[in-house]
Amino acid sequence: MKPYLREKKSFAFEDIPEDTCFEAGYLVTVNSGWRSRTPQIDNEKCIGCGQCYLYCPDGVIAMDGKTPVIDYDFCKGCGICAKICPKSAIELR
Amino acid sequence: MKRFLSGDEAFAEGIRLACPDVISAYPITPQTVVVERLSEMVEDGSLDSEFIHVESEHSALSCAIGASAAGVRTFTATSSQGLLYMAEGLPYAAGGRFPVVMMNANRATALPWNIYGDQRDSLALLDTGWIQEYAADAQEALDMAVMSYYIAEHRDVSTPFMVNLDGFVLTHTYENVDIPDRERVREFLPPYETENCFDFEHPKNIGFSAGPETNFIFKYKEHRAFERAIHVIKEAERRFGELFGRKYTGLAEEYLTEDADYVIITLGTAAGLCRTIADELRREGVKAGVLRIRYMRPFPNEEIARALKNAKAAAVLEKDISFGNAGTVYVNVAAALQWAGVSTPLYDFVGGLGGKDITHADIRNIYESMGKGAPRVTFMGIGVE
Amino acid sequence: MAITAKNLDKNEYFYGHKACAGCGGSLAVRAALKVLGEKSAAVLPAGCMSAVGFNFPQLCFGNNAIISMFAGTASMLTGVEAGLRRRGIKDFHAVGFAGDGGTADIGIQALSGAIDRGDDIIYICYDNEAYMNTGIQKSGLTPFGARTTTTPAGKNIRGNIRPKKNMFEIAAAHDIPYAATATIGYINDFMEKVDKASRIKGTKYIHVIAPCPTGWGIPVDATVEAAREIVDCGLWYLAEYENGEFKINRDPGEFTDPAEYLKKQGRFKHLTDEDVDVIIKSRDKKWEKIRREWK
């Protein structure tokens, strides 16, 4: 199951569990604010090899068939995708 | 069925009845007999448990926590240095609300090295969030092996449980012990069910961090569980009594305290000798009584205040000392009196460290000297005041 | 079948975490979980990956996961595996992810115990070559010459004076069913090793190099590159231990220049030519043995 952003973000006394056990993959904050540069994919150049998908430390690139799609909510802009791309199809702007 | 068993063996019999899924333990004197007996039971098929030969006490508890997080009943046993070595895991299990049950054979802590009984090991770890019970005889040891699971695993409690047996004096002393019927134990103790565990249908993240905003609330809830445990202990004892005919008395066990002028408060096996001497003093016209603390956590604040309210003086007899202050039991008892506004003078007698015998004369001396002079800490029988 | 971008589990199990940008450790955890899938029960000790992944209510593992005590990755895995098995659950993977300090230093006793018992677990050491979570202190896996905050490079001592502990062969010396080395720089090789481990009964140990941009003093986009260069220049190797035999998976034949690999990294900036020579000599000695004795 892929962790995802939830509606309920703040927890009052009653909502806090007794134990330290909670639903897996419960996200309340995004990481987009970490980014100073944003990767942009040039779909003309992209050959759909999926290297960017494989090597993304945050797992924010998904392959929609042969097209990589970036989840900008959680991309930190590290630029590994741009470096790994064999066709230089990703640029950080 | 009656059998002639040592405290360690009796405890192992209790564990056979409670049938934990996972046992992870490392040998240490004077706990060793427990792990030997359990290994034999697993070998001969009379105990259906996974016995894991961990390489240390730290791993013993870490493994038990892991198994508990996987959703099964767990057991570990240790003593002294071993308890201290696994100390990191104590607040861990407690904060995670994993109802691990542990037997601790109370033993002195190094240095100097000493394998004999005192209670400095478990009392040093009183604040780690475990329920702590101190058994007085082999029968209670066995019964607590069973009852501890009922209490620890109860949904209102969900807290780890440490049963303490005085090293050698209880772990290695033989008594006639009644072993409850297995079927009736099943009736008493339901299988462990929890949501505080891994689940492949609804995956869980467990043992997480909690920042300053929420951490405090987790800690409060941990504390609240101990208040709830007081009721669950009573309920467990009532049900246990109905099924097995043996009565237990909650957080404390009182002996002739109702009209007592002089009361000794103690833990574990020392209470037996205190009762004998209280009888003796009663025959001599002195109104002596004994209050045995069974549970150091949750602590019997009310019981103590009530028992000491009308006494002329009271003394704590304890096999521990918190260096630079009084004994840990004393400090707790004194707080109980303070909560309740009871002003009975309270004395502290430290004895039995490193297994030194507590004698008949020592206890008579406690009764005779309490109430005389200002309350103080007395190290018994070493020729200093 | 080789693992590729096409046939890999599309699910993400480690997502939304707060690891530094370009973190190699998080890539190792992510990739391994994609191979092992939703029936993974992961144990992570106190350390980077648990610190960035488990802050209630931000919980970044999509699968079952727990933080263990620092020294307790392997022992908790043992308990988790035994407990799940006792519940009658089948085909799950009890997998641990511990860093270099958590593995080679404080956790080595529990790891050794688990391998000795033959517990059916996968233990993955993501090696970033220092205690990064506490701010770059020397661990038993910090390589010779590296500057850390506890092995400063000054006039008298030039960084860490001890070589890296050989965890791969220590694990193998237990006659473990499967051990392997890997790097996040060659992620397919790593994922295939994780996949292989998941099909073997007993204890499995995988040691994966996972550079830390912060601790190594490299740009955040250079993680994968550094993790490749370390193999290409021969300072790390891709190998396996199975059925009592060592096997080298990839012999680069001619190495790239270690000086280039080293000089790009802040932690090695201070090294002299003599220091680099020491490193090259030690590499050559190791490879001579590998080429002579390993298949």
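These legends go with close-up views of a predicted model, starting with chain C and moving on to the two faces of chain A.

**View 1. Chain C as a whole.** Let's begin with the overall build of chain C, which holds 11 helices and 10 strands. Its radius of gyration is 18 Å, close to the 19 Å that the globule rule gives for 295 residues, so chain C is as compact as a globular protein of that length. Measured out along the principal axes would be one way to picture a box, and here the C-alpha atoms of chain C fill one of roughly 60 × 45 × 40 Å. Of the 295 residues in chain C, 64% are buried. Take the contacts in chain C between residues at least 6 apart in sequence: 70% of these join residues at least 24 apart.**View 2. Helix α9 of chain C, residues 223-232.** Is this helix buried or exposed? In α9(C), 8 of the 10 residues are buried, so the helix is largely enclosed by the rest of the structure. To find them in the view, look for T223(C), V224(C), A226(C), A227(C), E229(C), I230(C), V231(C) and D232(C). The list of buried residues in α9(C) includes the acidic residues E229(C) and D232(C) alongside residues such as V224(C) and I230(C). After the helix comes G234(C), and the phi of this glycine is positive, near 85°.

**View 3. Where chain A meets chain C.** Here 39 residues of chain A are in contact with 42 residues of chain C. The two chains bury about 3,200 Å² between them, and 56% of that area lies on carbon and sulfur atoms. Which three residues of chain A supply more of its buried area against chain C than any other three? They are Y53(A), L54(A) and Y55(A), with 21% of the area that chain A buries there.

**View 4. Polar links and building blocks between chain A and chain C.** Start at K83(A), which forms a salt bridge with E225(C); their closest N and O atoms are 2.7 Å apart. The count of salt bridges between chain A and chain C is 2, and 23 residue pairs are in polar contact. On the side of chain A that touches chain C, at least two residues come from each of β2 (21-23), β3 (26-27), α1 (51-55) and α2 (80-84). The largest share, 4 residues, belongs to α1(A). By residue type, this side of chain A divides into 24 nonpolar, 7 polar and 8 charged residues.

**View 5. Where chain A meets chain B.** Now turn to the contact that takes 12 residues from chain A and 19 residues from chain B. Chain A and chain B bury about 1,400 Å² between them, with 61% of it on carbon and sulfur atoms. In chain A, the residues that lose the most area to chain B are F13(A), E18(A) and T20(A), which together make up 47% of what that side buries.

**View 6. Salt bridges and polar contacts between chain A and chain B.** How many salt bridges join chain A and chain B? The count is 3. One to look for is the pairing of R228(B) with E18(A), whose side chains meet at 3.7 Å, N to O. E18(A) is also among the residues of chain A that lose the most area to chain B. Across this interface there are 7 residue pairs in polar contact. The side of chain A that touches chain B divides into 6 nonpolar, 2 polar and 4 charged residues.

Conventions
Residues are numbered from 1 along each chain as its sequence is written. Chains are lettered from A and ligands numbered from 1 in the order in which they are written. This is a predicted model: local features need pLDDT of at least 70, side-chain atom pairs count only at pLDDT 80 or more; totals for chains, interfaces and linings use all residues. Side-chain values use heavy atoms; hydrogens and water are left out. Contact means heavy atoms within 4.5 Å. Buried area is the accessible area (1.4 Å probe) that two parts lose on being put together, summed over both. A salt bridge is a side-chain nitrogen of Lys or Arg within 4 Å of a carboxyl oxygen of Asp or Glu. A polar contact is a pair of N or O atoms within 3.5 Å; within protein, one must be able to donate a hydrogen and the other to accept it, and residues adjacent in sequence count only if both atoms are side-chain atoms. Ala, Val, Leu, Ile, Met, Phe, Trp, Tyr, Cys and Pro count as nonpolar, Asp, Glu, Lys and Arg as charged, and the others, Gly among them, as polar. The radius of gyration is taken over C-alpha atoms; the globule rule is 2.2 Å times the number of residues to the power 0.38. Buried means under 20% relative accessible area, exposed over 50%, partly exposed in between (1.4 Å probe, protein chains only).
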